[in-house]
Amino acid sequence: MSVIQRNTRTIDLSAIENNMKAIRSSVPDSAKLIAVVKADGYGHGAVETALAAIKGGADMLAVAAVSEGVQLREKGIRVPVLVLGAVTASDVQEGAEYGLIQTVCSPEMVFLCEQAGEFLQKQTEVHLKIDTGMGRIGVRNEMERDAVLAALEDCPHVRLTGAFTHFSDADGDEDGIEFTECQYRQFLKLTEPLPESVLRHCCNSAAIHRFPEMALDIVRAGISLYGYPPVHTETALKPCMTWTAVISYIKDLPAGSYVSYGRTYRSDHPVRTATITCGYADGYFRACAKDGYVLIRGKRAKIIGRVCMDQMMADISDIDDARTGDEVVLLGKSGSESIDAEEIASWAGTISYEILCSSGSRVGRKYISHQ
Ligand SMILES: *Cc1c(COP(=O)(O)O)cnc(C)c1O
């Protein structure tokens, strides 16, 4: 029995693979590639994205939390997996058990890993996080770094195999560029005494494109893997997600009619409206109502009135051939028109990342591949 979804996000796995290959060819050969698949692969599905990225040349995966790493392991994914968030007492043991690389930035965190490693009678790999200006997690100076290194000396079940920092403004203006260069220099300084075998990494997507000379041993590609580079780049990247819903109802309203909650829309002429099977509970931003459009039969239709929890309305007065049951493209292409996540983000006052990650749990997901 086929289930018709009210609305569906369709993921192009070939595009993810090709994006990974394009990133591969844009970074120095000496650098390895981490595919960042946290937050369910930025809403694309962590496991499917990871497999496509590995096909495209990813050497390692990164997630935000141990539970996300476990999900990859349980699907049989064996490549190294780095947990980017700081290790915690509640999940250190599971992380060690599943052979995930954990992130440490204090002696206490190293001791947590040692306890887990000792209990399991196995070594746990860790990367040291260095805070060079993000103000999030990480050691901030030589003293804090040395305290972690000293703890490592006392912990035979913990092995330091990497060190990394995160740029806060690599997609920023001139000031951001300067700040990123500062962060980079500070990172080099604080990693100087580490053994040659320790992998050093600092580049997120923006830095991969802007500062290839900072690639070091590995780069961490997130948003660019999904086709939305945060800065201008010649690297050929393609969005991988489309999002479609359906027209459930069409009606003609006379001039002076209201549409949706709060009566924010009142027609000043007769208007034909389509009701669409998607709302904010599906992840469509309520903030899009004022400026947003959807695509129907290759044409733009303006969203009118507030976006409801499960439905929204659009003006289809100019789309004569629109019919109940028609596909509505919320994100993607229809004929020669297209709407990408950056455009939706601009209506909602946010960034493409948040549009990709926003999928509600009842939204369908479909995978396609051309190879
Ligand atoms: C999310 C994340 C990334 C990926 O960032 P993008 O901008 O999506 O490329 C890289 N490193 C860390 C530490 C992150 O948290």
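So, to kick off: at roughly what angle do the axes of helix α1 and helix α3 cross? Keep in mind as we go that this is a predicted model.

Okay, the answer. Helix α1 covers residues 13–26 and helix α3 covers residues 46–55, and their axes cross at roughly 45°. Those axes come within 7 Å of each other. An angle under 35 degrees would count as roughly parallel, and 65 to 115 as roughly perpendicular, so α1 and α3 are oblique to each other. As for handedness, the α1 and α3 crossing is right-handed.

Who's touching whom there? On the α1 side we've got Leu13, Ile16, Glu17, Met20 and Lys21, and they meet Glu48, Thr49, Ala52, Ala53 and Lys55 from α3. If you sort the residues of that contact by character, you get five nonpolar, four charged and one polar.

Right, let's zoom out to the domains. The assignment for the protein chain gives us domain 1, at 12–226, and domain 2, at 241–368. Take the centres over C-alpha atoms, and domain 1 and domain 2 sit 38 Å apart. Domain 1 puts twelve residues into the contact, while domain 2 puts in eight.

And how much area do domain 1 and domain 2 bury between them? That comes out at about 970 Å², with 62% of it on carbon and sulfur atoms. If you want residues to click on in domain 1, go for Tyr42, His44 and Ile223: these lose the most area to domain 2, and together they make up 46% of what the domain 1 side buries.

That's my bit, thanks, everyone.

Methods: Residues are numbered from 1 along each chain as its sequence is written. This is a predicted model: local features need pLDDT of at least 70, side-chain atom pairs count only at pLDDT 80 or more; totals for chains, interfaces and linings use all residues. Side-chain values use heavy atoms; hydrogens and water are left out. Axes are lines fitted to C-alpha atoms, for helices over the stretch in contact, and angles run from 0 to 180 degrees between N-to-C directions. Helices (H or I, at least four residues) and strands (E, at least two) are DSSP runs, numbered from the N terminus. Angles under 35 degrees count as roughly parallel, over 145 as roughly antiparallel, 65 to 115 as roughly perpendicular and the rest as oblique. A crossing is left-handed if the near helix is turned anticlockwise from the far one by less than a right angle, and right-handed if clockwise. Contact means heavy atoms within 4.5 Å. Ala, Val, Leu, Ile, Met, Phe, Trp, Tyr, Cys and Pro count as nonpolar, Asp, Glu, Lys and Arg as charged, and the others, Gly among them, as polar. Domain bounds come from an automatic or database domain assignment. Buried area is the accessible area (1.4 Å probe) that two parts lose on being put together, summed over both.
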